[in-house]
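Trainee: Hey, I've just opened this one up and don't know where to start. Could you walk me through it?

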Amino acid sequence: MLMKAIYEDIGVTSSSEVNARNLGKRSITKEKLCSWLERMSSILNSNAIPLLQITVPKADRCEKLEQEKINDQLTIIKLQDEVLKKKDEEVEVMKQVMKQTVKSEITSYASAVTKSCATALAPS
């Protein structure tokens with residue numbers, strides 16, 4: 001309401017036009033300026049300042065929580081990287097075990113085939 005009255009009195013339509021030139025018009029008396037200032041001060045003291053006192057600590061808390069979230073995400077990434085490395089190590093171990101098992105089975109099979117052929121080809 002106050003700003004609307006000020007806009008009308010100084011002949012502007014937006015806050016960007018409220019400046020020293022427009023406030024300094026001859027039609028704007030010192031008493032009117034003092035009245036506006038007094039009302040603005042009252043509005044700030046009763047509304048804006050208490051809101052700032054509430055929101056500034058919350059904004060600080062939000063910043064702290066954002067930093068904690070970033071740190072937690074970095075920890076998660078680090079742990080996921082460690083899990084991937086462990087999985088890679090497990091795969092390598094399994095490859096070696098499989099390779100050794102296949103080699104052992106082939107050797108065993110070859111030995112059995114050799115014995116079987118030797119027996120089959122032996123003179124009776």
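Mentor: Sure, let's begin with Asn22, which touches Ile10, Val12, Glu17 and Ile28, leaving aside residues up to four places away in sequence. Keep in mind that this is a predicted model.

Trainee: Okay. Where does Asn22 sit?

Mentor: Asn22 belongs to helix H2, which covers residues 20-23.

Trainee: And is Asn22 buried or exposed?

Mentor: Asn22 is buried, with a relative accessible area of 6%. The cut-off for buried is under 20%, so a residue at 6% counts.

Trainee: Got it. What about the loop between H1 and H2, say Thr13?

Mentor: Thr13 is in that loop, and at 71% relative accessibility Thr13 counts as exposed. If you go from Thr13 to Met3, you cover 10 residues in sequence, and their C-alpha atoms are 9.9 Å apart in space.

Trainee: Switching topic: how many residues does helix H3 have?

Mentor: Helix H3 has 92 residues, running over residues 30-121. From its first C-alpha to its last, H3 reaches 128 Å, which is close to the 136 Å expected at 1.5 Å a residue.

Trainee: Where does H3 bend?

Mentor: At Leu44, and the bend there is about 40 degrees.

Trainee: Can you give me some distances along H3, to get a feel for it? How far apart are the C-alpha atoms of Ala110 and Glu31?

Mentor: They're separated by 113 Å, with the two positions 79 residues apart along the chain. Ala110 is in helix H3 and counts as partly exposed at 36% relative accessibility. Another pair to try is Ile54 and Gln100, 46 residues apart along the chain, with C-alpha atoms separated by 69 Å. Ile54 is also found in H3, and at 48% relative accessibility Ile54 counts as partly exposed.

Trainee: Now salt bridges. How many are there?

Mentor: The count comes to three. As general background, side chains of opposite charge can pair when their charged atoms come close.

Trainee: Which residue does Lys32 pair with?

Mentor: Lys32 forms a salt bridge with Asp9, and their closest N and O atoms are 3.2 Å apart. Lys32 lies in helix H3 and Asp9 in helix H1 (residues 2-10), so this pair ties together parts that are 23 residues apart in sequence.

Trainee: How exposed are those two?

Mentor: Lys32 is partly exposed, with a relative accessible area of 29%. Asp9 counts as partly exposed too, at 33%.

Trainee: And what does Lys85 pair with?

Mentor: Lys85 forms a salt bridge with Asp81, where the closest N and O atoms are 3.4 Å apart. These two are four residues apart in helix H3, so about one helical turn separates them. Asp81 is partly exposed, at 38% relative accessibility.

Trainee: Which residue is Glu92's partner?

Mentor: That's Lys95, and the closest N and O atoms of this salt bridge are 3.4 Å apart. Glu92 and Lys95 are three residues apart in H3, so again about one helical turn separates them. Glu92 counts as partly exposed at 41% relative accessibility.

Trainee: Why would a spacing of three or four places matter in a helix?

Mentor: An α-helix has 3.6 residues a turn, so residues three or four places apart point the same way.

Trainee: Last topic, then. Which residues form the nonpolar patch on the surface?

Mentor: Ile70, Leu74 and Ile77 form that patch, with about 290 Å² of accessible area together. Ile70 lies in helix H3 and is partly exposed, with a relative accessible area of 41%.

Trainee: Why can Ile70 go into a patch if it's just partly exposed?

Mentor: Patch residues need over 30% relative accessible area, so Ile70 clears that cut-off at 41%.

Methods: Residues are numbered from 1 along each chain as its sequence is written. This is a predicted model: local features need pLDDT of at least 70, side-chain atom pairs count only at pLDDT 80 or more; totals for chains, interfaces and linings use all residues. Side-chain values use heavy atoms; hydrogens and water are left out. The expected span of a helix is 1.5 Å times one less than its number of residues. The bend at a residue is the angle between axes fitted to the seven residues ending there and the seven starting there. Patches are made of residues with over 30% relative accessible area and no salt bridge: like charges are joined within 9 Å, nonpolar side chains (Val, Leu, Ile, Met, Phe, Trp, Tyr) within 5 Å. Accessible areas come from the Shrake-Rupley method with a 1.4 Å probe; for residues, only the protein chains shown count as cover. A salt bridge is a side-chain nitrogen of Lys or Arg within 4 Å of a carboxyl oxygen of Asp or Glu. Buried means under 20% relative accessible area, exposed over 50%, partly exposed in between (1.4 Å probe, protein chains only). Contact means heavy atoms within 4.5 Å.
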